Amino acid sequence: MIVVAGEALIDLVPQGTGALAALQPALGGGPFNTAVALGRLGSPTAFCSRTSRDSFGEALLGRLRESGVDVSPVQRGPEPTSLAVATLDGDGSAAYSFYVDGTADRLFAAPAGLPAGTRAVSFGTCSLVLEPGASAYEELMRASAAQGLFTALDPNIRPGLIPDADAYRARFKSWLPSVTLLKLSQDDARWLGGTPREWLSAGPAAVVVTHGGDGLTAHTVCGDEYAEYTVPAEKVEVVDTIGAGDTVNAALLHGLAVREALSPAALAALGRDGWERLLRFAARAAAVTCSRAGAEPPYASELGEF
């Protein structure tokens with residue numbers, strides 16, 4: 001079981017250009033997209049979050065169930081669902097503004113335990129910014145690491161949600177000793193102001209950086225030996241990039257689970273062939289997501305063998 005912990009929200013996606021373009025609601029949120037992608041790839045997956053009892057909240061849970069995701073750990077509340085308004089540029093890249101005051105997911109409380117058979121827990125995005133829920137997710141991250149579970153972190157930086165950048169950067173560094181796999185985009189890396197070598201020295205067993213159309217790179221350290229493994233992006237006609245990074249996150253976790261590599265020692269033992277196969281699989285999965293509108297990650301049948 002892979003547990004994905006974090007927010008589920010509604011993306012409002014423009015259907016044209018200009019400030020008054022019609023907005024189409026779409027199911028989203030980085031952790032939500034990761035959970036859906038994992039379920040579609042065939043990994044036993046559970047979602048740990050807090051969602052509204054409104055119609056948006058019901059639709060979000062419905063999509064998770066349709067994708068084979070266990071929603072029994074999800075907490076519910078009467079508050080409204082968070083909204084993210086997307087803006088697309090000429091190459092399909094998305095930027096967001098958020099409506100999150102008083103919403104259901106902000107009141108997440110750390111659970112007493114995780115589903116039986118949990119092997120890995122994935123964290124990221126808005127859930128680690130918006131209090132009081134952010135502190136509860138942080139508590140869950142530290143507790144999971146202390147129990148020896150594989151922990152994955154995709155910070156998925158949304159600068160408009162972060163009131164104090166320096167405080168968030170310091171908090172991010174404090175998470176690293178509890179992180180097994182750190183995955184982030186090159187934009188996230190620039191905003192955070194660190195390097196893969198620095199992050200590896202703080203705790204993670206591997207760091208994966210995505211470079212958009214230029215592919216993705218895994219950074220590892222085994223003993224004193226530092227290594228980098230890079231694969232190109234899959235060529236595809238991009239409709240938009242919504243959910244692409246979340247799909248990469250899911251594909252990495254799924255691939256590691258298939259290889260029985262959800263541990264620091266197993267990550268170190270992957271070597272060049274193992275890492276390049278894993279990264280190519282993630283690139284292929286992200287390309288499918290980019291080829292269609294909204295966050296619609298692929299099913300296992302669309303990707304072929306890992």
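## Basis of the sheet description

Two strands are counted as paired if DSSP finds at least two bridges between them. On that basis, this predicted model contains an open sheet of 9 strands with mixed pairing.

## Overall form

The protein comprises 306 residues, and its radius of gyration of 18 Å agrees with the value near 19 Å expected for a compact globule of that length. Along the principal axes, the C-alpha atoms occupy a box of roughly 50 × 45 × 40 Å. The secondary structure consists of 9 helices and 15 strands.

Among contacts with a separation of 6 or more, 69% link residues that lie 24 or more positions apart. Of the 306 residues, 56% are buried, that is, under 20% relative accessible area.

## Surface and charge

The exposed area of the protein is about 12500 Å², of which carbon and sulfur atoms supply 52%. The protein carries 23 positive and 34 negative charges, and the mean positions of these two sets are 3 Å apart.

## Order of the open sheet

Across the sheet, the strands follow the order E6-E4-E1-E10-E11-E12-E13-E14-E15. The edges are formed by strand E6 (69–70) and strand E15 (225–231). Each of these has a single partner strand, so one side of each is left without a neighbour in the sheet.

## Strand E1 and its partners

Strand E1 covers residues 2–5, and in the sheet order E1 stands between E4 and E10. Which residues of E1 point one way, and which the other? Ile2 and Val4 point to one side of the strand, whereas Val3 and Ala5 point to the other. All four of these residues are buried.

E1 runs parallel to strand E4 (residues 45–48), to which 4 bridges join it. Within this pairing, Thr45 of E4 is the bridge partner of Ile2. E1 also pairs in the parallel sense with strand E10 (residues 120–124), over 3 bridges. Here Ile2 stands opposite Ala120. Ile2 therefore has a bridge partner in each neighbouring strand, given that Thr45 lies in E4 and Ala120 in E10.

## Strands E11 and E12

Further along the sheet order, E10 is followed by E11 and then E12. Strand E11 (residues 150–154) and strand E12 (residues 181–185) are parallel and share 2 bridges. In this pair, Leu153 has Leu182 of E12 as its bridge partner.

Terms used. Residues are numbered from 1 along each chain as its sequence is written. This is a predicted model: local features need pLDDT of at least 70, side-chain atom pairs count only at pLDDT 80 or more; totals for chains, interfaces and linings use all residues. Side-chain values use heavy atoms; hydrogens and water are left out. The radius of gyration is taken over C-alpha atoms; the globule rule is 2.2 Å times the number of residues to the power 0.38. Buried means under 20% relative accessible area, exposed over 50%, partly exposed in between (1.4 Å probe, protein chains only). Contact means heavy atoms within 4.5 Å. Accessible areas come from the Shrake-Rupley method with a 1.4 Å probe; for residues, only the protein chains shown count as cover. Lys and Arg count as positive and Asp and Glu as negative; His and the chain ends are not counted. The place of a charge is taken as NZ of Lys, CZ of Arg, CG of Asp or CD of Glu.
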